[in-house]
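Reader: I've got a model open on my screen and I'd like to learn how to read it. Could you walk me through it, feature by feature?

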Amino acid sequence: MSATVPDQSPWSTRQIGQWSVLTGVGVALMSVAWNAASRELRFADMLGWLELSLAGLLLTGLANVGWYLGARRAVVRLRSALMANVAPAPVAAVTEAGSLPVSADPMRRYHRPGCQLVLGRAVNAESRDAHEAAGRVPCGMCRP
Ligand SMILES: [Zn+2]
């Protein structure tokens with residue numbers, strides 16, 4: 001089975017443009033405010049420039065939050081595309097009678113015995129409660 005992963009940038013051209021404009025304006029506001037405040041002699045006269053600088057900082061922050069969220073959405077979209085192409089675990093492995101979830105000490109997740117993430121590894125079978133008491137969480141792929 002071949003995975004078909006969309007080949008695309010995490011950000012659209014529109015998002016890149018928005019990020020560039022917001023970041024550019026934010027940096028320009030901070031630069032102007034810094035230069036203007038450096039010419040003031042009294043602290044009280046600098047406060048207005050400080051507010052302008054904070055507005056610029058807020059703009060760059062908003063731009064980067066949007067940038068991050070765009071990338072996050074792309075990761076979710078790509079992960080969904082990948083998981084749609086993952087073959088489900090074989091039914092026999094999933095429904096083994098009396099089989100307990102397995103894991104090993106360095107693992108942070110516990111799995112069904114037939115999970116492809118533990119095949120060929122030395123693992124210990126324990127109850128679900130024992131795994132969770134050891135701080136492990138269920139595998140998102142085999143969902144034990
Ligand atoms: Zn698993």
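Author: Sure. Let's begin with what counts as an element: helices are DSSP runs (H or I) of at least four residues, strands are runs of E of at least two, and both are numbered from the N terminus. Keep in mind that this is a predicted model.

Reader: Okay, in what order do the elements of the protein chain run from the N terminus on?

Author: They go α-α-α-β-β-β-α-β. That makes four helices and four strands in the protein chain.

Reader: How do I check that a helix has the span it should have?

Author: You compare the distance between its end C-alpha atoms with what 1.5 Å a residue predicts. Take helix 2: its 42 residues should span 62 Å, and the end C-alpha atoms are 60 Å apart, so the two agree. Helix 1 passes the check too: 26 residues should give 38 Å, and its ends are 37 Å apart.

Reader: And how do helix 1 and helix 2 sit relative to each other, parallel or antiparallel?

Author: For that you look at the angle between their axes, where anything over 145 degrees counts as roughly antiparallel. Here helix 1 (residues 13-38) and helix 2 (residues 43-84) cross at roughly 160°, with axes that come within 8 Å. The two helices are therefore roughly antiparallel to each other.

Reader: Which hand does the crossing of helix 1 and helix 2 have?

Author: Left-handed: that is how helix 1 passes helix 2. As for what sits in their contact, sorting the residues by class gives 21 nonpolar, nine polar and no charged ones.

Reader: Which residues of helix 1 are buried?

Author: The idea is to count C-beta neighbours within 10 Å, and 20 or more makes a residue buried. In helix 1 that picks out L22, G26, L29 and A33. Those buried residues pack against helix 2.

Reader: What about helix 2, which residues are buried there?

Author: W49, S53, G56, L59 and A63 are buried in helix 2. Helix 1 is part of what covers them. Across the protein chain, 15% of the 144 residues count as buried.

Reader: Now the other side of that scale. Is Y68 buried or exposed?

Author: Twelve or fewer neighbours means exposed. Y68, which is found in helix 2, counts as exposed because it has 11 C-beta neighbours inside 10 Å. L69 is found in helix 2 as well, and with 11 such neighbours L69 counts as exposed.

Reader: What does a residue that falls in between look like?

Author: Try A55, which lies in helix 2. A55 has 14 C-beta neighbours inside 10 Å, so it counts as partly exposed. Another case is L78, found in helix 2: with 15 neighbours, L78 is partly exposed.

Reader: I keep hearing about residues that are far apart in sequence yet come together in space. How do I find them?

Author: Put the sequence separation next to the C-alpha to C-alpha distance. L78 and Q8 are 70 residues apart in sequence and 9.5 Å apart in space. For L69 and W11, the separation is 58 residues and the distance is 9.6 Å. Y68 and P10 are 58 residues apart in sequence, with 9.6 Å between them in space. You can do the same with A55 and A33, which are 22 residues apart in sequence and 9.9 Å apart in space.

Reader: What share of the contacts in the protein chain with a separation of 6 or more comes from residues 24 or more positions apart?

Author: That share is 61%.

Reader: Last one: what should I look for in the backbone angles?

Author: Most residues other than glycine have a negative phi. R143 has a positive phi of about 45°, although it is not a glycine. You'll find R143 in the segment after strand 4 (137-138).

Reader: Is R143 buried or exposed?

Author: Exposed: R143 gets that label because it has 11 C-beta neighbours inside 10 Å.

Note on methods
Residues numbered from 1 in each chain as written. Predicted model: local features only at pLDDT ≥ 70, side-chain atom pairs only at ≥ 80, totals over all residues. Axes fitted to C-alpha atoms, helices over the stretch in contact; angles between N-to-C directions. Parallel < 35°, antiparallel > 145°, perpendicular 65-115°, else oblique. Left-handed = near helix turned anticlockwise from the far one by under 90°. Nonpolar A, V, L, I, M, F, W, Y, C, P; charged D, E, K, R; others polar. Contact = placed C-beta atoms within 7 Å. Expected span 1.5 Å × (residues − 1).
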